[in-house]
Amino acid sequence: MTIQIATDVQEHPRQVGEKWGALVLFLILYYASVGSSPFSRDEFLERAGGDIVNQIVWISFAAIGIGIAFYQVPRATVLLRRSWPLFLVLGWIILSSQWAPYPDLTYRRGGFLVIMAIALFGMALAAPDAKKFLGTLLVISGLVMTINVVGVIVVPGLAIGPDGAFVGLHPHKNSAGQIALVSYLTWLVAAIGNRDLRWRVFFGLGALVWFGFLIMTQSKTSIGVGLLAPAALVLALNVMRTEGLVRVAVVSILIGLAGAIWVSILGAGLSGSDLALLAFGDLTFTGRTDLWEYLWNEIGNSPVVGVGYGSFWYTGLRSSPIDFATGWAARAGQAHNGYLDLVLQTGFIGLALALIAILRSIGLALRLATRRGLASDESTAYILSVVLLGAIFLLNFMESSYFRPNHYLSVLFIMIYFMLEVWSQRLDESPAD
């Protein structure tokens, strides 16, 4: 009896943490989706690095995360050790203050990113169950997208931009497109993975509505990823169901088909320029190539370590190279390419460190998703992590989201990263029969 009581006392903090973990996860995801100013076109948060309300909210989440880690020191220590690639990136970001022209901005913006990571670290400890992750993301995405759709109908003046693009309760059509894309993919994966026909139909119809909203945002990058996602998901699922030489054969066939399609495109006389013109309506990817050319010149000034995190975009009244740019580059607040943005601010060293964390997360997700003998909900959660990480990876070729504070996709990436480390730890502790 004494031994049992001692065990209960030791397990109590963990049980309490997991009891409230789903609520913490819900609140963080909701705030990351909606922010502090719903139905507002004001992009103050992006320009100033966060208002006082935003700072208080994330500091509160971080305090909860520290409390959770304090009551689960052994598990927190393991997660901290396993997550070294991510913390190495954060450390390099803070270190860039030593050569940044505005070190105070690096400390403020990099520090905010660290605070956000601490909150998500604690959340991963508090809500480690894959089924809770899946269920919470379904509820949050459904709630936010329902508000978006209702907003377009009830308050079109606030939910529809001046160009006719749907923005819902978000500040920009690209933000709305990214959240609609994540919601659509989440519900699509849930529809495919659910074994109950009624729920499959429900999630499928929801995914269809969210995709319709995505189309109306006119966010071309998100729409493109959304169109590719179903085919990629079906192919991935079929590949994951195979083993050994069969898998090698299937992958080889897919590569061969991709090559045949590309040869057919070239044979039809279509060029990369023709495809870009078809997708974006111009050959500059809606002005991105002009911006990228300008930024490459800036990268040449400090290619190894970068200009310093947070010391290039929106520096306020202080002088910045971007202040002397012309055209669209002068109005841009990001590189519209997450990998280029990392090189710009943290150099090729920062990009290499970030890619280690990114590729590790994708590798962990694939390892979990291909594991056999899993419950349906758990398997669906792992497959969803692969899909979302893949979508974020692709989106960052046209938008910047990796390691950006106050950015929904950045929150989602770091959250999934920590969750994957927790899930993989459990996998290592309980190997399949």
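Me: Before we look at any helix, what counts as buried?

Reply: Buried means under 20% relative accessible area, exposed means over 50%, and partly exposed is in between, using a 1.4 Å probe and protein chains only. By that cut-off, 47% of the 433 residues in this chain are buried. Keep in mind that this is a predicted model, where local features need pLDDT of at least 70, side-chain atom pairs count only at pLDDT 80 or more, and totals for chains, interfaces and linings use all residues. Residues are numbered from 1 along each chain as its sequence is written, and side-chain values use heavy atoms, with hydrogens and water left out.

Me: Which residues of α5 are buried?

Reply: Helices here are DSSP runs (H or I, at least four residues), numbered from the N terminus. In α5, the buried ones are Pro 85, Leu 86, Val 89, Leu 90, Trp 92 and Ile 93.

Me: Why do they line one face of the helix?

Reply: An α-helix has 3.6 residues a turn, so residues three or four places apart point the same way. Looking down the axis of α5, the buried residues fall within an arc of 160° (taken from the directions from the axis to the C-beta atoms), so they line one face.

Me: What does that face pack against?

Reply: Count a contact as heavy atoms within 4.5 Å. The buried residues of α5 pack against α4 (73–82), α6 (103–126), α15 (338–369) and α17 (408–429).

Me: Which elements have the highest and lowest mean pLDDT?

Reply: pLDDT is the predictor's confidence in each residue, from 0 to 100. Helix α5 has the highest mean, 95, and α2 (residues 44–48) the lowest, 43.

Methods: Helix = DSSP H or I, 4+ residues; strand = E, 2+ residues; numbered from the N terminus.
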